[in-house]
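Good morning, and thank you for making time for this item. I would ask you to keep the model in view while I speak.

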Amino acid sequence: KLWKMFHRFLITAWFLMLLLSGCNRPSGERADIIILHTGRIRGNVAPLDVAASSALQHYPFLAGYVKAVRDEARKQGAEVLLIDLGDSLAGSFAAHVTSGRNMVEFFNRLGYDAICLSNLDYALQPEILSEIRAPVLNPFEDDQGRPATEGTTFSTTLQKGKFAVGIAANFYGDTDPTEHPDRFPAWFGTTLGNVRPTRGSQIFNGLPQEGLRILTWMKFESPDQPPVNFLEKLRAANIHAVLAHRIYGGKRREAWSQSGALPWTPPVSMNILRDNGGFAVARTNLRRGPSGWKILSQEILPMTANTAPADPEIIEAISQFSGQIAAADRQITDLPAPMESRQILDAYFDALLGVPGTDAAIYSIQSIRSDWSAGPLRASAVFNALPWTTPLVQIELPMETAKKASEDLGLEIRFRPNSPDGTQNAERVMVTTSKFFWRLLAEKLGMPMDAAKSTPHASEFDFFVETLAARLPAASQSSAQ
């Protein structure tokens, strides 16, 4: 009797497994278009022999995977669409040294179909972007409703085989910048002030009436709470699919096996980046049917050797930057002990207070991104701690105004020590800060951005490196070698 019961259980379990696997199994329908989308690469494409200065080097596997998918698509008669959602052209020491040309080479070699910009790409200029062979989409606009960087566009239409594919760029859904002012750029490209995320219908005007219509959504958040009104606007614009990129940290695990799909209307294909932990690619297979576009499958794939073999051709192409990056990664000093982020912030405040004419400096611990280990301190380690190419500015403010505004924004204010004029008792102070933090202060105080004057220092990082090199003991000859 027990055996019969057990036998019935096995048959039932087997039947259920077949039923469930049938639900999850691909339908067998052939894809017409395979979309691969990346994002938040943050300039991490460097020659492997200088990878110590830019540790996250997953790009050979990404290139290998793109090649494999294109081979697969050719056999199936499908088209491949390769898009980057932004925050990829800048952010690493390698990208800073090469002015982003390491990423331009990467995108051109892989044959990306479109490149989107995001908030970390604010400093990129038209001369660099013009070297990208794909259209560059910009989700930010100036006061006249034009793309915030010359040579960029809000949307584009590509021809992939017999299909017209329209792509429109978006940053942060329909979130108002006043909700999170620290997450939106102070300026962008060739627009030096009053930059706002594009929210108008003009981003859809360039999309084809017939064909696949896609919205890219960088800074994707709160996936468990559908933005009802915004999705209604996308449906009204006949958007067929959303390509999203989510950035998050925390203790909650993210399973790589998850599909990355959200069953909204329009459906969302989501890529993820956890704690800046490396590249992933979101893949979406679509088929055009009599009733419109249908998503056959969605998945997220980590770019490692387990996913695809490294592509030797891209490794060779990026090796051209080896000498340039190695030469720039000079050793500044020997640190006798590790320095935590708070100590690095103290050192940066000392540097800011040393700018001529400075009475007070305003900054935030949140902008210090890593600690320093004991031993040789190189320029790349300084960049990893302070990866900002924002210029420095000075503004004269009433003492109490400077104190209160910085406190309200959660920023720290420090004063020049041993000031002969008694700075902390003065009615007005000359404040030095980054242009980014000045934008937050200016909004808080209701002042125009151009009220502050630029200093001769083009970049926070370069300013800090030069200050450290001038103030710290030179590296010993043995350690420098």
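I shall go from the overall fold to the cores, then to the main pocket and one helix beside it, and finally to a single serine.

What you see is a predicted model. The protein comprises 481 residues, 52% of which are buried. Its secondary structure consists of 15 helices and 21 strands. Among contacts with a separation of 6 or more, 77% join residues that are 24 or more positions apart.

Let me turn to the interior. The largest nonpolar core holds 122 residues, and Leu62, Leu89, Phe106, Trp372 and Phe464 have the most contacts inside it. Helix α10, residues 341–353, gives the most to this core, namely eight residues. Apart from it there is another core, of 22 residues, including Leu207, Phe220, Val242 and Trp264.

Phe106 deserves a closer look. Setting aside neighbours within four places in sequence, its contacts are Ile41, Val45, Tyr59, Leu62, Tyr112, Ile314 and Ile318. Of these partners, Leu62 is also listed among the residues with the most contacts inside the largest core.

Next, the pocket. The largest one has a volume of about 850 Å³. It is lined by 33 residues, and Asp182, Arg183, Arg369, Trp388 and Phe436 are the closest to its centre. By character, the lining divides into 17 nonpolar, eight polar and eight charged residues.

Which helix gives the most to this lining? That is α13, with three residues. The helix spans residues 435–445, and its buried residues are Lys435, Phe437, Trp438, Arg439, Leu440, Leu441 and Ala442. These buried residues pack against three strands and a helix: β16 (360–363), β18 (392–398) and β20 (428–434), together with α12 (399–408). Just after α13, Gly446 adopts a positive phi of about 70 degrees.

I close with Ser155, which lies in strand β6, residues 155–160. Why does Ser155 count as buried? Its relative accessibility is 13%, and the cut-off for buried is under 20%, so Ser155 falls within that class. The side chain of Ser155 reaches the backbone oxygen of Ile203 at 3.2 Å. Beyond its neighbours within four places in sequence, Ser155 is in contact with Leu137, Ile167, Ala168, Ile203, Gly206 and Leu207. The last of these, Leu207, is one of the residues of the 22-residue core, and this brings Ser155 into contact with a member of that core.

Thank you; I welcome your questions.

Terms used. Residues numbered from 1 in each chain as written. Predicted model: local features only at pLDDT ≥ 70, side-chain atom pairs only at ≥ 80, totals over all residues. Heavy atoms only, no water. Buried < 20%, exposed > 50% of the residue type's maximum accessible area, 1.4 Å probe, protein only. Helix = DSSP H or I, 4+ residues; strand = E, 2+ residues; numbered from the N terminus. Contact = heavy atoms within 4.5 Å. Polar contact = N/O pair within 3.5 Å; in protein donor to acceptor, adjacent residues only side chain to side chain. Core = buried A, V, L, I, M, F, W, Y, C linked by side-chain atoms within 4.5 Å. 1 Å grid on protein atoms, 1.4 Å probe; cavity = no way out; pocket = protein on both sides within 12 Å on 5 of 7 lines; lining within 4 Å. Points joined across faces, edges and corners; volume = space filled by probe spheres on them. Nonpolar A, V, L, I, M, F, W, Y, C, P; charged D, E, K, R; others polar.
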